[in-house]
Amino acid sequence: MNPAAQALETAARLWRVFTRRLAGIMPKGLYARSLLIVILPMVLLQSAVALVFMERHWQTVTFRLSNAVTQDIAALIDIYRDFHSLDPDNAKLEDIARRRLNLDAEILPPGPLPPALPKPFFSLVDRAMSSEIGKQIRLPFWIDTVGRSDFIEVRVDMGDAILRVVARRSQAYASNTHIFIIWMVGASIVLITVAILFLRNQIRPILALADAAEEFGKGRDVEFRPRGAREVRRAAYAFLEMKRRIERAMEQRTTMLNGVSHDLRTILTRFRLSLALLGDEAEAQELTADVDEMNRMLEAYLAFARGDIGEGAAPTDIPAMLETLRQEAVRLGHDTEVVYAGEPVATVRPDAFKRCLANLLYNAARHGDRIRIEGSCDTKFLQIHVDDDGPGIPLEAREEVFRPFVRLDEARNQDEGGTGLGLAIARDIARSHGGEIFLSTSPLGGLRASVRVPV
């Protein structure tokens, strides 16, 4: 690989690392990202404007004002040297300085200058005055820009006397610069506030659409009205149309299944009546058992195809539901215990969710003697574990058992007369709640079936 290609590959790798790290620290929400898109350019622009202003305008104006004050001081030195013999008490010089130059000037006897003061780190006027005095006057001097905040004191050693000048700080310093800074910061705050309010109103319809879609995925119906920008309204109307189509398809399927169920139950009822007329003959008993088995299979098929459509979600007492399931398992002769922690009420479709848990419980009861039901609920999820001490399911077959009509071999003690729809129905109900079912190894040694749905 030539050096150019190697350098290009290194630069690309460094760029990928940089973008990954930047993506890790960037906000994930649309609202925060939109604010960042608005605020970051504004902050950068205002910073650039402030930097240019400070560097060009503020500094230039300060140096020019300092230059003017230094010229006035130089003029007073020239007046002293040229006309001292005509004005021995320097009254005329001090009067000119006060009236014409707005300076408080005083001629002091010769002597050493005061010791140099520490230079302030951020004082632009100190640097400007010191530089101008050094360039224009070229005499030993002493300057104090911090002793009195509103005044500047300069002493110049003229050899036979010392010129002491006190000037207002505003004469050598652009003191109104803070007005620009306040205006810039104030305008930024106003613009950012308007941006926050505007973006919040724009993001709110998107969040409402997301909440409506999430609630619909959980089998809950919420009131939703499209609003917001044209693109958001378009997405909302598309969601409502999709929702209507799904509900219409579900209603049609439910109507069809109810018709099929009615027709088949009518035929099975005729079979039962005919068999009842045959009496207690052995052949009639066998046929009656077959009819009962056909009825159970029909109910299972219809329940799987229907998926408990039409039931609305409602706040449900989960511990009471688990206790009812425990009592049913105990009546079947199984040692069953229930442990629950967290919020007792969760919003689910009661009958459908109970059917889901009952299928898992009956599955555990068919293959184990001891059953443990463990539930917990927090602010986000409701989770139920059903454990048994049976033979369990091999890891490679745990996903296969959720397929309709699939029954395992003797490793799971194949259920005579079972339809292979119990776990499929349970998973379909869990997914209709926006959740899922997982299979794992139970602490009791058998199988653990875990239901996890959002609340």
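This is a short tour of a four-stranded sheet, the helix across it, and a pair of helices elsewhere in the chain.

Before you click: this is a predicted model, where local features need pLDDT of at least 70, side-chain atom pairs count only at pLDDT 80 or more, and totals for chains, interfaces and linings use all residues. Numbering starts from 1 along each chain as its sequence is written, and side-chain values use heavy atoms, with hydrogens and water left out.

**Stop one: the sheet.** Select the four strands, which form an open sheet in the order β1-β4-β3-β2 with antiparallel pairing. (Strands are DSSP E runs of at least two residues, helices H or I runs of at least four, numbered from the N terminus; two strands pair if DSSP finds at least two bridges between them.) The edges are β1 (104–108) and β2 (141–144), each pairing on one side only.

Now zoom in on β2 and β3 (residues 151–157): four bridges join these antiparallel strands. Pick W142, and you'll find its bridge partner R155 in β3.

**Stop two: the helix on top.** Add α4 (residues 124–136), which lies across β2 and β3 and runs at about 160 degrees to β2. (Axes are lines fitted to C-alpha atoms, for helices over the stretch in contact, with angles from 0 to 180 degrees between N-to-C directions; contact means heavy atoms within 4.5 Å.)

**Stop three: two helices.** Select α9 (residues 318–331) and α10 (residues 350–367), whose axes come within 11 Å and cross at roughly 40 degrees. Show side chains: M321, L322 and L325 are among the α9 residues that meet α10, where the residues met include F353, L357 and L361.
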